[in-house]
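Please find below a colleague's note on the model under review. It is set out as numbered points.

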Amino acid sequence: MAPGHRLTAATAIDRGDRLYQQDQVEVYAHPRVAGCLLAILADGMGGKSGGRKAADQVLLIARQLFERFVPVKDSAEALLKRLVEESHLMIKLTAITSEQEPHSTIAAALLLPNRECHVVHAGDSRVYLFRGPQMVTRTLDHSLVQRLIDQGEITEDEANDHPHGHLLTGCLGADEDPPVTLEAVQTLALGDSVLLCSDGLWHYFTPRELGTITHALKPRDATKMLIAKARQRARGGGDNVSLALVKVEALDAPDDGS
């Protein structure tokens, strides 16, 4: 691990007001290299068990690839690209052998010991980077409403209530190959937070709210508060909710036990 910092992390998940939980989320610490971890989130779609099966496969492949990853010699971008491609293929094979049509989003952040952060996503699950309480960047959804925003036809505020808000233009398991959108931050600063979340969470928050909560609280407390507020704001109509939060902290900061 680069001197002077440590990584703390927490995950949270809630079924919301749906009958079935189809989100999956995990943070994997590298089995041999301190300061290296992979946060992975998948929002499954495709029937009561099809979506969950797709999300499970994403996490399984992520863990297998990450355990074989050697940070000092292997390419982070190649790992994340392979994660998307292999998950997509496995989900499509599952569809062939079942009567379901499983699909899944993916959002993943790979943090290296030198504080590099590499991100990949497909669908409308997001990765946010906050510096203190301020949002530095976030992934842009592969969705119809994001395309309309890009074309100047609707605003961000209008997108939240758009009737076609859940239509995706790219995801795992679809007929077309998923987009492989890679991003990188060369050096995370002390105090930075990386937040992965499904649309069941981000739909109910502004970036400022997310940044304020993730900055002010320990990861475990922040994830609990975000789940509780999302459930409250959904007013009985909430989707599955999942998130993972990773914070870069100074070594002399109080240990929160997360």
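The points below cover the basis of the model, its core, its strand pairing and its salt bridges.

1. This is a predicted model, in which local features need pLDDT of at least 70 and side-chain atom pairs count only at pLDDT 80 or more, while totals for chains, interfaces and linings use all residues. Residues are numbered from 1 along each chain as its sequence is written, and side-chain values use heavy atoms, with hydrogens and water left out.

2. The largest nonpolar core (buried Ala, Val, Leu, Ile, Met, Phe, Trp, Tyr and Cys residues joined through side-chain atoms within 4.5 Å) holds 27 residues. Ile40, Phe66, Leu83, Ile106 and Leu110 have the most contacts inside it. Two or more residues each come from β3 (37-45), α1 (50-68), α2 (76-96), β5 (106-111) and β6 (117-122); helices (H or I, at least four residues) and strands (E, at least two) are DSSP runs, numbered from the N terminus. Helix α1 provides the largest share of this core, 8 residues.

3. Leaving aside neighbours within four places in sequence, Ile40 is in contact (heavy atoms within 4.5 Å) with residues including Val58, Leu59, Ala62, Leu83, Ile106 and Leu196.

4. In strand β7 (residues 126-131), 5 of the 6 residues are buried, where buried means under 20% relative accessible area, exposed over 50% and partly exposed in between (1.4 Å probe, protein chains only). Strand β7 runs antiparallel to β10 (residues 192-197), with 6 bridges, and antiparallel to β8 (residues 134-138), with 4 bridges; strands pair if DSSP finds at least two bridges between them. Arg131 stands opposite Asp192 in β10 and has Gln134 as its bridge partner in β8. The hairpin of β7 and β8 has 2 residues between the strands, and Gly132 in the turn has a positive phi of about 65°.

5. The whole structure contains 11 salt bridges, each a side-chain nitrogen of Lys or Arg within 4 Å of a carboxyl oxygen of Asp or Glu. In one of them, the closest N and O atoms of Arg231 and Asp14 are 3.2 Å apart. Arg231 lies in helix α7 (residues 219-234) and Asp14 in strand β1 (residues 5-14), so this pair ties together parts 217 residues apart in sequence. Arg231 is partly exposed at 26% relative accessibility, and Asp14 is partly exposed at 24%.

6. Asp239 and Arg18 form another salt bridge (3.4 Å, N to O). Asp239 lies in the loop between α7 and β11 (241-250) and Arg18 in the loop between β1 and β2 (23-29), 221 residues apart. Asp239 is buried at 15% relative accessibility, whereas Arg18 is partly exposed at 40%.
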